[in-house]
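Dear colleague,

Please find below the structure that I am handing over to you. My notes on the chains and their contacts follow directly after it.

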Protein chains: 4
Amino acid sequence: MNDLDFHIGQLVIANRILANEGVVDAYGHVSVRHPLSPEGYLLSRSRSPALVEAGDVIEFTFDGTPVGGDPRPPYLERFIHGAIYEARADVHAVVHAHAEAVLPFTITASPLRPVVHAASFIGAHLPVWDIRDNFGDTNLLVVDPAQGRDLARGLGSNRVVLMRGHGFAAAGRSLPEVIRMSVYLPHNARVLLEALRLGEVKGLSRGEIEAHAAFRPDDPAMWRAWEYWAVRAGCRELL
Amino acid sequence: MNDLDFHIGQLVIANRILANEGVVDAYGHVSVRHPLSPEGYLLSRSRSPALVEAGDVIEFTFDGTPVGGDPRPPYLERFIHGAIYEARADVHAVVHAHAEAVLPFTITASPLRPVVHAASFIGAHLPVWDIRDNFGDTNLLVVDPAQGRDLARGLGSNRVVLMRGHGFAAAGRSLPEVIRMSVYLPHNARVLLEALRLGEVKGLSRGEIEAHAAFRPDDPAMWRAWEYWAVRAGCRELL
Amino acid sequence: MNDLDFHIGQLVIANRILANEGVVDAYGHVSVRHPLSPEGYLLSRSRSPALVEAGDVIEFTFDGTPVGGDPRPPYLERFIHGAIYEARADVHAVVHAHAEAVLPFTITASPLRPVVHAASFIGAHLPVWDIRDNFGDTNLLVVDPAQGRDLARGLGSNRVVLMRGHGFAAAGRSLPEVIRMSVYLPHNARVLLEALRLGEVKGLSRGEIEAHAAFRPDDPAMWRAWEYWAVRAGCRELL
Amino acid sequence: MNDLDFHIGQLVIANRILANEGVVDAYGHVSVRHPLSPEGYLLSRSRSPALVEAGDVIEFTFDGTPVGGDPRPPYLERFIHGAIYEARADVHAVVHAHAEAVLPFTITASPLRPVVHAASFIGAHLPVWDIRDNFGDTNLLVVDPAQGRDLARGLGSNRVVLMRGHGFAAAGRSLPEVIRMSVYLPHNARVLLEALRLGEVKGLSRGEIEAHAAFRPDDPAMWRAWEYWAVRAGCRELL
């Protein structure tokens, strides 16, 4: 197996994990920066993540053009991925999803913030981006480079940006890192939703959140979770 | 496979999807307007949606009479379907269900409304119909043409009507559309239930809701979800 | 198959349904009045409902004595069943469980009541019985005939009695009826829990609740659900 | 099978049960005091509990050193286990997990307490330990003997200690007992979360909680649940 095939295999696993853990359903997607040509990224053709196979993966340039002119329909919202890779050289994997537990925080003024250690990876600040601010009434989908870049500006230097009435985009240094963030983001949201009803909430301190920096993107503790989620998603043979 | 067999197969898939996604349980049903004779519709005999097979599907006239005198027991509430097809020439598929997350909005004054883009299809306004208003104390089931027509009036020109203490009826331009509405209706309800506890909720604007009109009933994005839900429901071989 | 074997088979299905629908877990049980000798009842030996097989079923007299001196350990709480059969000639099947969604209503002053038509079977009034009232500090289990009879008095002429900090007992005219009540009781509880946070709740009227009386204990609509739940629980071959 | 193999087999079952019941996910662990040399304990190498096999189990001394110098990476947080065994001769099994429903009670002032009889085993008082009190800003993990001993002091003579923003540690007299505690702890938390919104909550009395003392750590009622959970977790052949 060459290096590209390995990364495509990892991307297939990432798709299946997100589906199996309930982060995505029929919609949502995950990409990885191209390991050999960093001005492009790998993303499935328009297909539900649970069903993605290696043959579905297409290389795109940052402006959303399929390299080699692949004729199969792409995701309408692929511009989310290109814009984030373009703006952030430190990012190697991107997830877009509309996990249910995250959505209430996108339509209210109550800020989502990390309150459990497993979610410290999501970062101290999660901005909310509203497509209506600069583009008026739309169907809320991010369907061209201008909208993608506006979203990337909303993300700024953070790990996760919430999208009003829509979902979130998460940016990681590796596939295992962005998957871990995407799984624990709704977990943290559910904990916070319940805790807020019990009274004042004691969140993680800035120092506690920054302690995640000690984890390298290829830390063994991240691969432990990767193995677990992959096996649960029926991908034991792809590991 | 002739055209009628194809539509019956689609209806079987629709039944299985609704069951597998938790929209219906032992009760609830889905119909499609007859593709060849639009003054009738196709609906299973009285059977739980998870178990419906092609041989269970019966053609009914709008008044609930089985064409050809099929002797098997029909759903008591088939009058919901006929009345909506009769009143709305634009409707080609109908779902009746009592998905749990929708029910709180049928018994309180808090209005259900679309707050996430995936649910923009349910429309801006979801009226609540109460059988008690015109029929007094009943067991809440819609069991004759008069009750069905009263419900259809409650629906009016909307996409979804809530039924007090009972569930909802959804009207779509195609099976994939009405299934998508029925899956995202309880999803939207759960998001709204949580958001309301966090404070003021920023819903979709009228313009954002109307942007769904750009989707045709046979849009490829709808078929992507249809494929996903069908495979999850064990219907890969029926696609 | 003789009549007794048929009823034992039905009881096995009932056990599996309750486990599969999440009404019981490792604990909880269901019995049926003996079809041939109505002064006794059939109940599994002490075993988790998901695992009960025909050979586990034992006949008991109302005072909890196994007929024929079966030496296998019985459920500690079998006295719930005998006491209810003794007090209520109309009851032919009993469930005891501690379904999670019901429990909040056993430890607060907020009354559980039917708000959706599927739960009209649970009756207009659900009393809460507290073992501490007459027996002081115990481990809350109903472990002798006196405690069982006290609980039966708490049930009175109702369908369901809630047990403080413990669960509920449901009394039906047939196994399908008591299973249906037991499945829709927590469903109704979840709907009510959510609705109460939205504001004033419009419950079922007395007349609407009484409309369930039109259903006979062997109504076909009940068997439709029975078939569905049995197949889901892996009991297709036992039907 | 010798005695040690039997206990290792039980530990494998315990791992699988915790994963299957949702108490642990990719992270969390369970240990048992060594049956032959009580100054040590048995714990898997660093692996997700759902995937643990007999060959993964390593013997550790209380200070976290693998006996015989096993070179495989251990859990970073094994110090939780050694410190509790060291401090509490009555404890023979320890679980560490971050079950979602428990977490809100670790970050608010609302005390978690037993309100249903199935959870009486968790004890009357559940202290909350905050690693920040004595160790300042960390990544919240318990990664050395000093932190482990501080946590054990936080546990004191109780059954369960909550860990702020992190999870809990539970100490039992046997594996079945600590598993039962760990399963019913989040169940009790969910019931309490809902009940608190309904109004004043009637908890278990001190006498009711102490009635659990009548249960011996090898009580048959505990083995009934063990059999059920093990079969659900796919461990029928390991029983």
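Chain A and chain C do not touch, a contact being heavy atoms within 4.5 Å; the nearest C-alpha atoms of these two chains are 12 Å apart. Chain B and chain D are likewise not joined by any contact, and their closest C-alpha atoms lie 12 Å apart.

This is a predicted model, in which local features need pLDDT of at least 70 and side-chain atom pairs count only at pLDDT 80 or more, while totals for chains, interfaces and linings use all residues. Residues are numbered from 1 along each chain as its sequence is written, chains are lettered from A and ligands numbered from 1 in the order in which they are written, and side-chain values use heavy atoms, leaving out hydrogens and water.

Chain C and chain B do meet, with 33 residues from chain C and 30 residues from chain B in the contact. Together they bury about 2,900 Å², of which 59% is on carbon and sulfur atoms; buried area is the accessible area (1.4 Å probe) that two parts lose on being put together, summed over both. Of the area that chain C buries against chain B, 27% comes from His117(C), Leu198(C) and Arg224(C), more than from any other three residues.

The interface of chain C and chain B holds 6 salt bridges (a side-chain nitrogen of Lys or Arg within 4 Å of a carboxyl oxygen of Asp or Glu). Glu208(C) and Arg164(B) form a salt bridge through their side chains, at 2.6 Å, N to O.

Yours sincerely
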